[in-house]
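Ready to practise reading a protein structure? Grab a pencil, have a look at the model, and try each task before you peek at the solution.

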Amino acid sequence: MIVLEQPEALRSWRKARTGSLGLVPTMGSLHAGHEALVQASLQQNDHTVVSIFVNPLQFNETQDFDSYPRPLQEDEDRLRRLGTSVLYRPKPAAMYPEGFETTVQAGPGGGGFEGEFRPGHFDGMLTVVLKLLLQSGADRAYFGEKDAQQLYLVRRLVEDFHVDCEIVACPTQREADGLAMSSRNVHLNPEDRVRSTALFQALSAARVLFQKGERRPQALEQAMQAVYRQAGLQAEYAAVVDDRTFQKPAGESSGNWRAVTAVRVGSTRLIDNLRLDAGD
Ligand code: AMP
């Protein structure tokens with residue numbers, strides 16, 4: 001594995017190679033969720049680039065950016081063990097050199113949910129993802145369903161800007177009690193770690209109701225809220241969306257429904273989601 005820090009170095013590395021390239025964009029502090037994306041890329045491509053970049057543009061809270069975990073050596077060792085071809089670890093000044101001023105703006109699918117509670121987050125995320133896709137020239141890029149709205153917006157980005165890259169979605173990796181793996185979980189104290197299982201329980205409650213035939217979004221949302229009340233938590237949102245638009249479901253169709261939620265547990269903000277009509 002080689003470590004590169006400059007966009008030009010990544011571009012030259014790619015130009016000097018034939019065969020397919022998979023890109024796995026991350027912010028580091030790698031866990032089994034990231035590993036699943038890397039494994040998928042390793043299986044499907046001749047080369048795999050993993051980027052680690054804590055993107056200042058997508059953080060709407062300085063405190064969250066500053067406290068974001070950055071175990072550099074551990075991440076590097078883990079990627080080396082997995083068989084990654086390149087670790088791409090640019091510094092902010094390389095990604096946003098002086099004079100930088102053009103950004104991507106998310107469309108309506110980025111307006112609600114995470115977009116509402118983290119203003120500017122998706123514009124920053126889309127800007128850096130477009131940069132990484134262009135810098136690497138990847139044939140495929142790997143994203144987790146854990147961040148379902150992000151996945152939706154990245155698919156739109158690639159289609160709307162005619163980027164020649166296949167977006168591959170990977171299922172959410174969970175702890176044994178259902179908590180979705182996340183770099184932010186390290187901030188949970190033992191008590192909050194127990195309460196954090198409420199997210200998966202709320203989503204599962206919605207799915208059980210859906211599987212019993214409930215098709216009123218409001219009833220499904222109330223089932224989620226009931227779980228949070230019992231856990232003494234208040235959701236930022238607990239909603240049902242149409243996966244194809246990331247808007248509230250319209251009309252009678254109940255295919256492609258996904259329950260999505262965000263909750264602050266102690267000082268840690270957690271998100272999760274679950275397809276209602278599938279067994280993941
Ligand atoms: P992050 O480092 O949090 O920006 O995440 C990098 C990529 O890993 C994104 O595509 C995430 O959706 C994905 N990811 C994060 N957590 C998980 C998880 N628990 N399961 C699957 N993918 C994940």
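Below are four exercises, each with a worked solution.

This is a predicted model, so local features need pLDDT of at least 70 and side-chain atom pairs count only at pLDDT 80 or more, while totals for chains, interfaces and linings use all residues. Residues are numbered from 1 along each chain as its sequence is written, and side-chain values use heavy atoms, with hydrogens and water left out.

**Exercise 1. A strand and its partner**

Task: Work out how many residues of β2 are buried, and how β2 pairs with β3.

Solution:
- Step 1. Get the terms straight: helices (H or I, at least four residues) and strands (E, at least two) are DSSP runs, numbered from the N terminus. Buried means under 20% relative accessible area, exposed over 50%, and partly exposed in between (1.4 Å probe, protein chains only).
- Step 2. Count: six of the six residues of β2 are buried.
- Step 3. Sort them by direction. L21, L23 and P25 point one way, G22, V24 and T26 the other way. Here's the background: in a regular strand the side chains alternate between the two faces of the sheet.
- Step 4. Find the partner. Two strands pair if DSSP finds at least two bridges between them; β2 and β3 (residues 47–52) have six, in the parallel sense. One spot to look at is T26, which sits opposite I52.

**Exercise 2. Two residues that touch**

Task: Are S29 and H34 buried or exposed, and which residues does S29 contact?

Solution:
- Step 1. Place them. S29 is in the loop between β2 (21–26) and α2 (32–44), and H34 lies in helix α2.
- Step 2. Check the accessibility. S29 has a relative accessible area of 10%, so S29 is buried. H34 counts as buried because its relative accessibility is 14%.
- Step 3. List the contacts (heavy atoms within 4.5 Å). Skipping neighbours within four places in sequence, S29 contacts H34, P69, P71, D75 and S183. With residues up to four places away left out, H34 touches T26, G28, S29 and S183.

**Exercise 3. An open sheet**

Task: In what order do the three strands of the open sheet containing β7 lie, and which helix packs on that sheet?

Solution:
- Step 1. The order is β7-β8-β9, with antiparallel pairing.
- Step 2. Spot the edges: β7 (235–242) and β9 (268–275) each pair on one side only.
- Step 3. Zoom in on β7 and β8 (residues 257–265), which are joined by seven bridges. V240 stands opposite A259 in β8.
- Step 4. Add the helix. α11 (residues 217–231) touches β7 and β8, and its direction makes about 150° with that of β7. For such angles, axes are lines fitted to C-alpha atoms (for helices over the stretch in contact), and angles run from 0 to 180 degrees between N-to-C directions.

**Exercise 4. An enclosed space**

Task: What lines the largest cavity, and which strand gives the most to its lining?

Solution:
- Step 1. Define it. On a 1 Å grid over the protein atoms alone, a cavity is a set of points where a 1.4 Å probe fits but cannot get out; lining residues have an atom within 4 Å of a point.
- Step 2. Size it up: the volume is about 40 Å³. Grid points are joined across faces, edges and corners, and a volume is the space filled by probe spheres set on the points.
- Step 3. Name the lining: K146, L179, A180, S182, N185, L199, L270, I271 and D272. β9 gives the most, with three residues.

Key:
On a 1 Å grid over the protein atoms alone, a cavity is a set of points where a 1.4 Å probe fits but cannot get out, and a pocket is an open set with protein on both sides within 12 Å along at least five of seven lines; lining residues have an atom within 4 Å of a point.
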